[in-house]
Amino acid sequence: MKIRIVLFNNHPKFTKLLPLFLLLLLPAIALANDLSDQINAVTNNLNSLQKEIDDLDKNIGQPLVAEKAHLSDTDDLLKGAEKNLNANYNNLTNRITGPGGYSAQFATHQAKVASLDARTTDYNRRCSGTFSDRSYVDACNREKAQLDAEADAIRQETVQLRNLRSSLLQEKVELDSYSKGLQDRRNDLSQATLNWAAKVKRYNADRNDLLASYNKALAQLKQLKYDNCVRRLPQNAKIEYIKHKCGNVPFDGANPNLPPCTTDKCKEADRLFK
């Protein structure tokens, strides 16, 4: 703030009083300029802090929001895949141990094998050797043909069961491999979530520091503007008039951590409010 002095009178008396007038006026001019410079400096600092906050939100905050959405989407995908995996495991287990599954088929097959073995042993006991009774020989031959047919069917069934068992085992290997892949992705997601949380913590800490600095500067600017306003009022101005013109800084949102009151105008304001 600059004050221009214009001389309207060259009267000798006025000229003699001018040095005294200037001596009285210079402190006020210096105070006004000092307050103006401080207000400009604090305003520039506020603008700089606001820009830092905006840049932090744009470059760090917004990407963190997008990263959180990506982590959430990945978690949903993994949950869906894990649900399908469990369903496939249950289906495989049912085809192995459930009704009509491999285990039941294998048990039935084993019973057929045992029955065939027992009847074959009995056949060998009764039909081995040379017999003169032609009808008895024909009966043994018919029984042998039946046993041979059953043996062929059992051998085919054995191959089918072996193939089924091999297929089921291969399916389990593939499910186990897929399960391991999902678990690896789940572990990666957990680590990514921890990393994201750490970045959020740093972001919040940095932003809180900037906000604290911004609020402190804002309170300082309010106080400076208040001081500058009070400076312009008559020294005998009443409290109500000061509040009306300049606001009630001590009660209307003042920073409780303001520095000690050392300036003349600050002390003057303290005196007025006592």
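Which residues of α2 are buried? In this predicted model, the buried residues of α2 are Y102, H109, L116, Y123 and C127. Several of these names will come back, so let us first look at the chain around them and then return to this helix.

The secondary structure comes to 5 helices and 0 strands, and from the N terminus on the elements run α-α-α-α-α. Of the 274 residues of the chain, 24% count as buried. The chain exposes about 19300 Å², and carbon and sulfur atoms supply 55% of that area. If you take the contacts between residues at least 6 apart in sequence, 79% of them join residues at least 24 apart.

Now back to helix α2, which covers residues 102–127. With 1.5 Å for each of its 26 residues, α2 should span 38 Å. The C-alpha atoms at its ends are 36 Å apart, which agrees with that expectation. Just after α2 comes G129, which takes a positive phi of about 115°.

Y102, one of the buried residues of α2, has a relative accessibility of 13%. How are the rings of Y102 and F106 placed relative to one another? Their centres are 5.9 Å apart and their planes stand at 25°, so the pair is stacked. The two residues are 4 apart in helix α2, which puts about one helical turn between them. In general, an α-helix has 3.6 residues a turn, so residues three or four places apart point the same way. F106 differs from its partner in exposure: F106 is partly exposed at 34%, whereas Y102 counts as buried.

The structure holds 2 aromatic pairs, and the other name to look for is F131. F131 and Y136 form an edge-to-face pair, with 5.0 Å from centre to centre and 65° between the planes. Both rings belong to partly exposed residues, F131 with a relative accessible area of 33% and Y136 with 31%.

C127, another buried residue of α2, leads us to a covalent link. The count of disulfides comes to 1: C127 and C140 are joined, with their sulfur atoms 2.0 Å apart. Which parts of the chain does the pair link? C127 sits in helix α2 and C140 in helix α3, 13 residues apart. The torsion about the S-S bond of C127 and C140 is about -80°, so the disulfide is left-handed. Both cysteines are buried, C127 with a relative accessible area of 12% and C140 with 6%.

Salt bridges link these helices as well. Side chains of opposite charge can pair when their charged atoms come close. The count for this model comes to 17 salt bridges, and a few of them are worth finding on your screen.

Start with E143 and R126, whose closest N and O atoms are 2.5 Å apart. E143 lies in helix α3 and R126 in helix α2, with their positions 17 residues apart in sequence. Each of the two is partly exposed: E143 has a relative accessibility of 22%, and R126 has 26%.

Next, look for E157 and K112, which meet in a salt bridge at 3.0 Å, N to O. This pair also links helix α3, which holds E157, with helix α2, which holds K112, and the two are 45 residues apart. E157 is partly exposed at 22%, and K112 is partly exposed at 39%.

A third salt bridge brings in helix α1. E82 pairs with R186, and their closest N and O atoms are 3.2 Å apart. E82 lies in helix α1 (residues 12–97) and R186 in helix α3 (residues 134–232), so the pair ties together parts that are 104 residues apart in sequence. Are the two partners buried or partly exposed? E82 is partly exposed, with a relative accessible area of 24%, while R186 counts as buried at 18%. The cut-off matters for these two values, because buried means under 20% relative accessible area. This salt bridge is also part of a network, in which D75, K79, E82 and R186 are linked.

To retrace the links between helices: the disulfide of C127 and C140 joins α2 with α3, as do the salt bridges of E143 with R126 and of E157 with K112. The pair of E82 and R186 ties α1 to α3.

Conventions
Residues numbered from 1 in each chain as written. Predicted model: local features only at pLDDT ≥ 70, side-chain atom pairs only at ≥ 80, totals over all residues. Heavy atoms only, no water. Salt bridge = Lys/Arg side-chain N within 4 Å of Asp/Glu carboxyl O. Buried < 20%, exposed > 50% of the residue type's maximum accessible area, 1.4 Å probe, protein only. Phe/Tyr/Trp six-rings, centres within 6.5 Å; stacked < 30°, edge-to-face > 60°. Contact = heavy atoms within 4.5 Å. Areas by Shrake-Rupley, 256 points an atom, 1.4 Å probe, with all protein chains shown as cover. Expected span 1.5 Å × (residues − 1). Disulfide = S-S within 2.5 Å.
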